[in-house]
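Welcome, and thank you for taking a look at this protein with us. Please open the sequence and the 3D view, and let us walk through them together.

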Amino acid sequence: MSTNERAIRALKEILQKPGNDVCADCGALDPGWGSCTLGVFICLDCSGIHRNIPEISKVKSLRLSHWEDQEAQFMAENGNELMKAKYEANVPAYYYKPTHKDCQVLREQWIRAKYERKEFSKPGKSLTYESETREGTLLKRGRDKGQFLSRRFVLSEREGSLKYYTNAKEPKAVIKVDTINATFQPEKIGNPNGLQITYLKDYSTRNIFVYHDSGKEIVDWFNSIRAIQLQYLRVAFPGATDAEVDASTFPNNSFSMLTILRNVVVLFQLVPKLTRNFVKEGYMEKTGPRQTEGFKKRWFTLDQRRLMYFKDPLDAFAKGEVFLGNNDNHYSASAGLPAGTHCNGAWQYGITIETPDRSFLFTCETESDQQDWLKHFKNVMNTQMSPQDYT
């Protein structure tokens, strides 16, 4: 048996260890690559990012590359779980850890933050995301002409706000952090670092679209927003960190376990309230409330229980919104349209949403689109409503 064959056989056995069956960086199943300098198993997409930091990581295919015995031994001595404990030891609760479904810029900056900048390896390290004030320039899309223009942005923890300025001394907009959602939209915006910021303005949803030429800069802004949001929530809901943890139930010298459990409570109660990805986006056609008007093509965004529709994906304001409640409150979604409904276009795959007030009619271009939208609508309607949903 050759050296390479022996090493490849050893790697197959190492992959069976807990944690090595998924990508160390994004969680994708069945990683086909390994970093023989970091000792982690990674997927194809993440391996491409590792190649861009050759001074830190040297990657090899687990099936096609030549492996030496000492390299396989190094992988056996380390592996995903051990390296996660080292490089992710102090990841803040607010920091967004991307998955294989997330865009390139998020995954690249996560990998660079871990291995290149070693931001999370040492406790108490000062992180740029936790500054009380963050100020800088982002390129923002104008509402009318659609050009991206340089704008000054200021994020303030003390004020709990995000402001942006044109040329005036007064801010063009003051956005409260508790109303913000931020999600990366590279394809929609047409830039790999494109970020969509959504917030409430006069009880309506407002969208702004920004980017920065530096991937690190835009991801730093994103995580800075999340850091301030978490701080705001901790102040607004002081019991969320320890309401379910009683120190008296732990024996002496159990402070570390108490701290861990407190952090877990924060993670599960507050972190889901930070920024979120949309459930689904895409085109459908819809008709008006009388259901006699022609069907018009619109861009739809399903954000939790709010189905918003826009004339253009980059519109600043939605043309309308549909609230999706729970099945028990007389909300439902079904395939097809009421008898006699006239479809004026080529999109024939209908969806009917029933609410206590009225019904909404949509058509999709393909049956697969119809079934995917229906799946998401029904998932939302099958989920129990929170007190905030009722509000």
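Where is Glu88 found? Glu88 sits in the loop between α4 and α5. Please keep in mind throughout that this is a predicted model. Although Glu88 belongs to a loop, this residue is buried, with a relative accessible area of 13%. Leaving aside residues up to four places away in sequence, Glu88 touches Ala24, Met83, Lys97, Trp110, Lys114 and Phe120.

**The chain as a whole**

Let us step back for a moment. The protein chain has ten helices and 17 strands. Its C-alpha trace spans about 75 × 55 × 50 Å along the principal axes. The chain has 391 residues, and 48% of them count as buried. Among contacts in the chain with a separation of 6 or more, 52% are made by residues 24 or more positions apart.

**Helix α5**

Two of the residues that Glu88 touches, Trp110 and Lys114, are also among the buried residues of α5. This helix is mostly covered, as eleven of its 13 residues are buried. They are Val105, Leu106, Arg107, Glu108, Gln109, Trp110, Ile111, Arg112, Ala113, Lys114 and Tyr115. The packing partners of these buried residues are β2 (40-42), α2 (44-51), α4 (80-87), β8 and α7.

The length of α5 agrees with what its residue count suggests: at 1.5 Å a residue the helix should span 18 Å, and its end C-alpha atoms are 17 Å apart. Just after α5, Lys118 takes a positive phi of about 50°.

**Two nonpolar cores**

Which residues have the most contacts inside the largest nonpolar core? They are Phe153, Leu162, Ile180, Phe184, Leu195, Ile197 and Ile218, in a core of 26 residues. Two or more residues of this core come from each of α5 (104-116), β5 (148-156), β6 (161-165), β7 (173-176), β8 (181-184), β9 (195-201), β10 (204-211) and α7 (215-236). Helix α7 gives the most, with six residues. The core also draws at least three residues from each of domain 1 (3-116) and domain 2 (133-233).

Ile218 is a good residue to click on here. Not counting residues up to four places away in sequence, Ile218 touches Val105, Leu138, Phe184, Asn193, Leu195, Val210, Tyr211 and His212. A second, separate core has 19 residues, including Ile353, Cys364, Trp373 and Phe377.

**Helix α9**

Trp373 and Phe377 from that second core lead us to α9, where both are buried. Helix α9 covers residues 367-382, 16 in number, and reaches 22 Å from its first C-alpha to its last, close to the 22 Å expected at 1.5 Å a residue. Its buried residues are Gln370, Trp373, Leu374, His376, Phe377, Val380 and Met381. Why do the buried residues of α9 line one face of the helix? Seen down the axis, they fall within an arc of 165°, so they line one face. A general rule helps here: an α-helix has 3.6 residues a turn, so residues three or four places apart point the same way.

The buried residues of α9 pack against β11 (280-286), β12 (296-303), β13 (306-310), β15 (332-335), β16 (349-354) and β17 (359-364). Turned away from that buried side, another face of α9 carries the exposed residues Ser368 and Asn382.

**Aromatic rings**

The count of aromatic pairs comes to 17. Here are two of them.

| Pair | Arrangement | Centre to centre | Angle between planes |
|---|---|---|---|
| Phe184 and Phe222 | edge-to-face | 5.2 Å | 70° |
| Phe323 and Tyr331 | edge-to-face | 6.1 Å | 75° |

The pair of Phe184 and Phe222 links distant parts of the chain: Phe184 lies in strand β8 and Phe222 in helix α7, 38 residues apart. Phe184 is buried, with a relative accessible area of 10%, and Phe222 counts as buried at 3% relative accessibility. In the other pair, Phe323 is partly exposed, with a relative accessible area of 31%, whereas Tyr331 is buried at 13%.

Finally, Tyr94, Tyr95, Trp110, Phe120 and Tyr129 form one aromatic cluster. Trp110 and Phe120 bring us back to our starting point, as Glu88 touches both.

Methods
Residues are numbered from 1 along each chain as its sequence is written. This is a predicted model: local features need pLDDT of at least 70, side-chain atom pairs count only at pLDDT 80 or more; totals for chains, interfaces and linings use all residues. Side-chain values use heavy atoms; hydrogens and water are left out. Helices (H or I, at least four residues) and strands (E, at least two) are DSSP runs, numbered from the N terminus. The expected span of a helix is 1.5 Å times one less than its number of residues. Buried means under 20% relative accessible area, exposed over 50%, partly exposed in between (1.4 Å probe, protein chains only). The arc is that of the directions from the helix axis to the C-beta atoms. Contact means heavy atoms within 4.5 Å. A nonpolar core is a set of buried Ala, Val, Leu, Ile, Met, Phe, Trp, Tyr and Cys residues joined through side-chain atoms within 4.5 Å. Domain bounds come from an automatic or database domain assignment. Rings of Phe, Tyr and Trp (its six-membered ring) pair if their centres lie within 6.5 Å; planes under 30 degrees apart count as stacked, over 60 as edge-to-face and the rest as tilted.
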